[in-house]
Amino acid sequence: MANGLDKEKVEKQKIVHVYSLDTSCFYTDDEASLNNDILENGNDIKEAERILNRIQRYKDNLKKIDQLHTDALSINKELENKKHLLSLSLEEVEHKKLTKQIKKMEHALLKLQENEAKCNGKEFFIKSDDEENPYNIKDMDKTGTLTEYEENLLQYIKDKKERSKELKKDLDELIADYDMKKNGIRKLRYDSLYNQKRKKNSDEIITERKLSNIISLFQSTLTRSLTIDEESNMTTDIIIVRAFRYKVFETLVIDGFENHLGEHYQYFASTAGQIRNKKSIFIKSTVYKKIANKLTCGLSIKDINEKGSMNLNKFNVYTALCNTSSVPWTDFDIRKSIVVPDFITTIENAEVDVIDGETYEVYPDKVPVEINHCDGAGMYLPTVGEENKSFQFRMPFFKGLLCPMPYDKFIEKFGGNPIVKDIYNDDHDVIKEGIKYIFTESQFKMSRFWESWEDYQDAFEEHGCEAAKCKEESDAFEDKTLNYQVIQSLNEMERHELEDLSARTVDDINKAGNDLSTMLRILGADDDNLEKYPYQEAINIYPNLVNDPYFREMIKENRKSLIKDAKAGKILLEGSKRTYIAPDLFAFCERLFLGKDVPNGLLKDGEVSCQLYEKDEKLDVLRSPHNFREHCLRTNKTGSVVKLYGKDVNINDWFITNDIFTSTHDLCSKQLMFDVDGDDALIVSSPLFCSIAERHMVGIKPLEYKLEKATESIISNKNIYDGLIAAYSKAPMIGNLANEICKIWNSGKVDKEELDLIRILCFESNAYIDYAKTLWLPKRPPHIDEQLKKYSRKKTPYFFKYAKDKKDKQVEAKVQKRIVEGNKEEEFISVVNMLDDIIPKNNIHFEDVIEDYDYRKLICNENNEIDRVVIELYETLDRDKNKVIKEQLKKMEKKRRKIELMVYKDIREQLLEVNGNINEVVDSLVKYLYFEKNSKHKQTLWHCFGEEILKNIKLNVKSDDFKACGDCGDVIERTKAKKYCAKCAKRRKNESNKNWKKSNKENCRKNKAS
């Protein structure tokens, strides 16, 4: 709930700035001129439409005033009637009742009068030729000129739209003409990279980088391989290009492009996220020649084509794995690893609902279902005495999840054979060879292009390849919210049940301004949050800060978001956690070291193990997207003892992380459609929620259908382009189908026919997801189209107002009508729409819950003067930050929070360039914002310098518990024996040892000489 940034392990990562451009940056001068005309014409249309909208708002306002008049007349009439009754001789009870009604009506009348005054007070102005005297719409309406003005405006827009079509046609012809004449490689426009302006009071021309076209990236294997300017953290070795004009983009992919210095760039790759956003990475050809082998482990496109080639978009995504945000995996040893075949078993007679891909018939059946239990997962030997966690990793053409598993102890305890065959059929003794990492074939995406694992290891070392860690299992597991998809699929839930499930969320909303513990929880500053941001830890130590206008504003905003999110289905249930999904690694060891084709495993069908929950607790395992009714209700067996091979086996001795481990006898991976390469699950433990889900899951089975396999093609730039365009063309359909599914869930009638339609749409959705690889889609039969028409005509559900920021006119009514038995019509409200009435929307009222704060607790030295240069720069950067974030969001597929983190990191660095004394910078900003200005806008301060302010609070507020390190000044726990932080203590010890060795060496030399 707290408004914070994603707290990932990014401290070690540097930010890298790169250019992100679209295809207009490669136009010729004539094309660019025409494109500017198109943009100007488009802006004229937008401005005219804005004026029309303002006129429409004025007319809507008039209707609103008329309605207010009507309502007031109605209430006045009723009020007179009530007063007349009151004047008659009545019983005391009736007298009180009428008096109460009259007061209520008088209050309603007053409210109507206030609303009418507000409406009458609204001014509607539009631009005129004289900018200082804009047209007043009311005056134009009175004089009768508004209608004529509106008609002229509509004609103007119509003409402009026609002009836009002509201009676009002209531009298309120009672009086609360029290609037809074969004018050669396209050039990157200089004005896309740099702005040139005249220096103030001088004829000197200044050239500056065009900041609007620059984005920030966290470092990855790719960026660590490039040349980075240390001063600006900028690289031009790679450039990201968005495909806007496909014809231009085609030439860029096929031929590359040149910059103003004549340096050639070639197409490199596109991540899965970039493909969804029509973006691609281009790299400087000279640079790629130097680093290609490091990124690809020596595998070239020529090698791939000679060995049978592969699917183009898979090649694209696998090549781009090196672009994943990561930190180097420094202690990895490639020689201590092997790759073994995937762990696949078949569940016989599995009960499923089959979808026929041609007829779209849906029918229950019992069929054998093959499951790859380690699809994307491998294991590593845990280190004794250290905290071992699951983590995602990347290497050239490798990706997936690694989980700790003591397989050496397994071999010792169960008499297993330590010799296993790798995917190339070579034997390895995992004990004698000291194997620490066991990868699986599904993690090694291009394994067929190497002759042996030793070949890959040799190439990895020869070319200086890098292994990297991406995302590690969390240290803390806060409660997570549900979403509308998992609630809407429980469509027969009773209102009182939903009220009980929403109770905690409602309680938080109601207590947000008058209960300290609730305030702290809304800010994420309570003791349950083990991974606090500095501002959260600061307010936890010094709760008086809840009186700070900034924190009050944050509580207010968080409460607003809480209300909006709750009405959209995001309700918080006690004990709802999110964690990695992992396979039964004990069963995997049985396969590897005991040769069991069908291992027992530690978990039976219907069982899971997760140490975040109690033994034998009923859990609902969920995963997004949740389009069908995918509630996997399972029993948690953590801590259970199983009898295997004549021994008592405690599950917790083998499943040693907080992942949720699944059974090899279970169809849950089929039901939830997950891989185990880093997919996570939302786990709900609420007994009420689980019981509601259980009754909805009666008769629901996993879906079984066939999709065409990915096609393979020769890798060439032309084929890569065709594959990308194919992927771009179908991406929007995935969201459209999800919306159609929502419409059915919220239609009021969900019987077998509706459930089958949802099943079919899930099948189609997965076909569209795979389309980029397969170039295949099923052909929907006409009768299914006919059945879906009544839903496709509908607007999106009412709660999309909150979930997707839709306007009232874009959504269905909250209360709708449906046909019931006997062809009768009744009103109904869908389960998610019920939340609109259950969740309160009253204004927050702050009460004094603790005495006021003293800003001096936040500074290091009260005598530090305010540095006005720092303040001036801070104000500029703070004012511009939202524009920068907005620009970055347009250009990157990353989440807003990730972008914010990079922007704040950049602001911090710029401020410290002005004044290198961090304490002076922090004290200046705190004094200015807390004392001089008393600003309620301090987000930039806390996200840039939160650690330093927290340090000051610890020393000023909790001086009995903390003190400063004798060397670097960092905060450490106050103990008699401790003088330095761990880093300084280690450095001092190393220096002491070095001095001792030097002194000892000198003494030995003197002794020898004497």
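How much surface does the chain expose, and what share of it do carbon and sulfur atoms supply? In this predicted model, the chain exposes about 51500 Å², and 46% of that area comes from carbon and sulfur atoms. Set beside this surface is the interior, since 49% of the 1010 residues count as buried.

The overall build can be followed from the secondary structure outwards. The chain has 31 helices and 35 strands. Its radius of gyration is 33 Å, close to the 30 Å that the globule rule gives for 1010 residues, so the chain is as compact as a globular protein of that length. Along the principal axes, the C-alpha trace spans about 115 × 85 × 80 Å. Contacts reach across the sequence as well: among those with a separation of 6 or more, 75% are accounted for by residues 24 or more positions apart. As for charge, the chain carries 167 positive and 178 negative charges, and the mean positions of these two sets are 2 Å apart.

From the whole chain we turn to one group of strands. Strand β14, which covers residues 344-355, runs antiparallel to strand β15, residues 362-372, and 10 bridges join the two. These strands form a hairpin with 6 residues between them, and within the turn Y360 has a positive phi of about 65 degrees. I355 of the chain stands opposite V362 in β15. Strand β14 has a further partner in strand β31, residues 703-704, with which it pairs in the parallel sense over 2 bridges; here V354 stands opposite E704 in β31. Strand β14 is thus described by two pairings, one antiparallel with β15 and one parallel with β31.

A helical residue offers a second place to look. L501 lies in helix α14, which comprises residues 495-501. Is L501 buried or exposed? With a relative accessible area of 4%, L501 falls under the 20% limit and is therefore buried. Which residues does L501 contact, once its neighbours within four places in sequence are left aside? The contacts of L501 are M493, then I571, L572 and L573, and finally S686, L688, F689 and I692. P732, by comparison, is separated from L501 by 231 residues in sequence, and the C-alpha atoms of the two are 34 Å apart in space.

Key. Residues are numbered from 1 along each chain as its sequence is written. This is a predicted model: local features need pLDDT of at least 70, side-chain atom pairs count only at pLDDT 80 or more; totals for chains, interfaces and linings use all residues. Side-chain values use heavy atoms; hydrogens and water are left out. Helices (H or I, at least four residues) and strands (E, at least two) are DSSP runs, numbered from the N terminus. The radius of gyration is taken over C-alpha atoms; the globule rule is 2.2 Å times the number of residues to the power 0.38. Buried means under 20% relative accessible area, exposed over 50%, partly exposed in between (1.4 Å probe, protein chains only). Contact means heavy atoms within 4.5 Å. Accessible areas come from the Shrake-Rupley method with a 1.4 Å probe; for residues, only the protein chains shown count as cover. Lys and Arg count as positive and Asp and Glu as negative; His and the chain ends are not counted. The place of a charge is taken as NZ of Lys, CZ of Arg, CG of Asp or CD of Glu. Two strands pair if DSSP finds at least two bridges between them.
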